[in-house]
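Me: I am new to this structure. Please walk me through it with short questions and short answers.

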Amino acid sequence: MIIKVSFSLLQGFLSGSNQAAMMVGKSVRQWRSIGKGLILGALLTTCMILLYCLSAPEVQFGLQEVPVPYSCAHRPSAVHSSTISNSSHHASGQRTCTPQVDIMFMKTHKTASSTFLNILFRFGEKHHLKFAFPNSRNDFFYPSPFHRSQVKDYRPGMCFNIICNHMRFNAAEVAKVLPADTSYITILRDPADLAESSFHYFGRVVPLTWKLSGDDKLREFLKDPKLYYDPEGFNSFYLKNLLFFDFGQDNNLNPDDPKVDEAIEAISKHFHLVMLVEYFEESLILLKDALCWDMEDLLFFKLNARKGSTVSKLTPELRAKALEWNAIDWKLYQYFNATFWNKVDAYGRERMARDVAELRRKNAEMASICIEGGHAVDAGSILETSMQPWQPIGEKSIMGYNLKKNVDKAHGKLCRKMLTPELQYLTDMGVNLWITRLWGRIREILHW
C-alpha cells in the first residue's frame, strides 16, 4: 500500500514537472518569436528608411530658371475631322482640329486613375510623346510635394508633353516642367466610396488603424474616427480628405475655413477638365471633345478593380458618417460635380448618350477579342506574371486579366497594352522602378 501511494505521488510529481516544463518551454518559444519579430521589424524599418534616404532626390532649390517653350509638341500633330451633331457648328456636321498632346494628369488615389493612365500611355506612344517620369519609384516621392528635380533626367528648359504619375500637386513646380498650352486634367470620386476603398487598400500601412478590432474595422473607425486619428500620425492622410491632400492642400482644415473655398477655386482655375469616376465614359467623351482625340484613343479595360467580396457595403448611416468625416472632399466633389454636368449640358445630353453607347460597344468588342473568358479574374487565376497587378499588403484582392490565346496580329499588340498593369507598363517604357520592385520582393519574403 505504501509502495502504491509513493508511486502515485511520484507520478504526480513527474506529471507536474512535465507540465511546468512544457509551460516554460512554450513561454520561451513565445518570447523568442516576439523577439525575432521585433528584431526583424527593426531591421526592416531601418532598411526602408535607409533606402528612402539613399533614393530620395536632392531637392535643388537653386535650379536655373529657363522658360519652357509655349508648346512641346515635337511636330505638328495630324489634323483630323471630328464628327459633331450640334447645329451651331459647320453645316457639314464636321470640324477640323489638332489633337492636344501637352497634358498634365493629376493622378488622384483610388479613382480609376490607373485605368486612365493606361489610356494616356497608349496615346503618348501613338504620338511619340515625351513623358516626365519619376526615377526609381512609380510616384514623385509622394506624399512629399512635387518638385521638378524629382523628374528623371530633368534639366531646366526641357520640353515634356505629359506628366501623369502620382504626386502631391504643386502648381508652381509643375508649371516649370510643362509648356503653357498644357491641358490640366484630373479625376474625382464620391468621397464615401473613396474612403472605403482607401481604408481597405492602405489600412495596413497606417499605424493608427492597428488598434482597431473586429471583422468590420471600417465600421468601427467611422463610428468615432477621432478615437483613431492623429493629424500628425504616419500616413494619416489616407484616412481623411485624401483628395484635398493630393491637391497639395491641408486635409485637416475645418470645412468652413475660408482657405477651403479658396483652394477649390484655385483648383478650378488650374484644371480644364475634372472627370468623375461614377461617369467615367461620359468623362472620356468630354475629354475627347476638349482635346480633339479619336474614339479609338479612349478604349479601355478596368484596371486595378477589386474583387466584389472585399468591398464593404456602406449602410446609409455609415455613408453619412464617411461624408461627414471627409467633409472637405465632399465639398470639393459637389463643386466639380456641378461643373461636370454643366459641360455635359453644353455638349448635349442626346449626343452624349450616343457617344457613350458607341464607346461601350467598341470596348465590348475589344473585350471579346482580347480577354480570355471576356472578364477579369482573381489574382490567383492570372497566368502571366506580366499581367499581375500590384496588391495591397496582406491580400490578393485586386483582379486582373488573361490575354486571349491566338489573338490575331491586327489586335495582338493593342490587346497586350490595354491589359498591362501600370508598373509593368512603366517598366516597358523604360522607367527604373528599383525601389518599388525591392519593396515588392520584401513583401513576398514576409508573405505580405
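**Strands, rings and confidence**

Four bridges join β5 to strand β6 (residues 273-276), and the two run parallel. This is a predicted model.

Me: Which residue of β6 does Ile-187 stand opposite?
Reply: Strand β6 covers residues 273-276 and is joined to β5 by four bridges. Ile-187 faces a residue in that strand, Met-275.

Me: How many bridges join strand β3 to β5?
Reply: Strand β3 spans residues 103-106 and runs parallel to β5. Ile-103 stands opposite Ser-183 of β5. The number of bridges joining β3 to β5 is four.

Me: Which residues of β5 lie on the side of Ile-185, and are they buried or exposed?
Reply: In a regular strand the side chains alternate between the two faces of the sheet. In β5, Tyr-184, Thr-186 and Leu-188 take one side, and Ser-183, Ile-185 and Ile-187 take the other. Six of the six residues in β5 (residues 183-188) are buried. So Ile-185 shares its side with Ser-183 and Ile-187, and both are buried.

Me: Why does Ser-183 count as buried?
Reply: Ser-183 lies in strand β5. Beyond its neighbours within four places in sequence, Ser-183 is in contact with Gln-100, Asp-102, Ile-103, Met-104, His-272 and Leu-291. The cut-off for buried is under 20% relative accessible area. Ser-183 counts as buried because its relative accessibility is 11%.

Me: What is the angle between the planes of Phe-202 and Tyr-238?
Reply: A pair of aromatic rings is described by the distance of the centres and the angle of the planes. The structure holds 28 aromatic pairs. Phe-202 and Tyr-238 form a stacked one, 4.0 Å centre to centre, with planes at an angle of 10°.

Me: How many residues apart are Phe-202 and Tyr-238?
Reply: The pair links distant parts of the chain. Phe-202 is in helix α4 (residues 191-202), while Tyr-238 is in the loop between α5 (217-223) and α6 (242-246). Phe-202 is buried at 10% relative accessible area, and Tyr-238 is buried at 12%. Along the chain, they are 36 residues apart.

Me: Which aromatic ring has the charged end of Arg-168 over it?
Reply: Tyr-142, Tyr-201, Phe-202, Phe-237, Tyr-238 and Phe-245 form one aromatic cluster. The charged end of Arg-168 sits 3.7 Å from the centre of a ring in this cluster. That ring belongs to Phe-245.

Me: Which ring lies under the charged end of Lys-240?
Reply: The charged end of Lys-240 is 4.2 Å from the centre of the ring. The ring is that of Trp-325.

Me: How far apart in space are Leu-419 and Asn-402?
Reply: Leu-419 lies in helix α12 (residues 409-419) and is buried, at 2% relative accessibility. Beyond four places in sequence, Leu-419 touches several residues, including Phe-301, Cys-370, Tyr-401 and Asn-402. Leu-419 and Asn-402 are 17 residues apart in sequence. C-alpha to C-alpha, they are 8.1 Å apart.

Me: How many contacts does the stretch 83-92 have beyond near neighbours in sequence?
Reply: The mean pLDDT of the protein is 85, and 80% of its residues reach 70 or more. Over residues 1-10 the pLDDT stays under 50, and the model has zero contacts there beyond four places in sequence. Residues 83-92 also have pLDDT below 50. Beyond near neighbours in sequence, the number of contacts for that stretch is 13.

Terms used: Residues numbered from 1 in each chain as written. Heavy atoms only, no water. Phe/Tyr/Trp six-rings, centres within 6.5 Å; stacked < 30°, edge-to-face > 60°. Buried < 20%, exposed > 50% of the residue type's maximum accessible area, 1.4 Å probe, protein only. Lys NZ or Arg CZ within 6 Å of the ring centre and 35° of its normal. pLDDT = per-residue confidence, 0-100. Contact = heavy atoms within 4.5 Å. Pairing = 2+ DSSP bridges.
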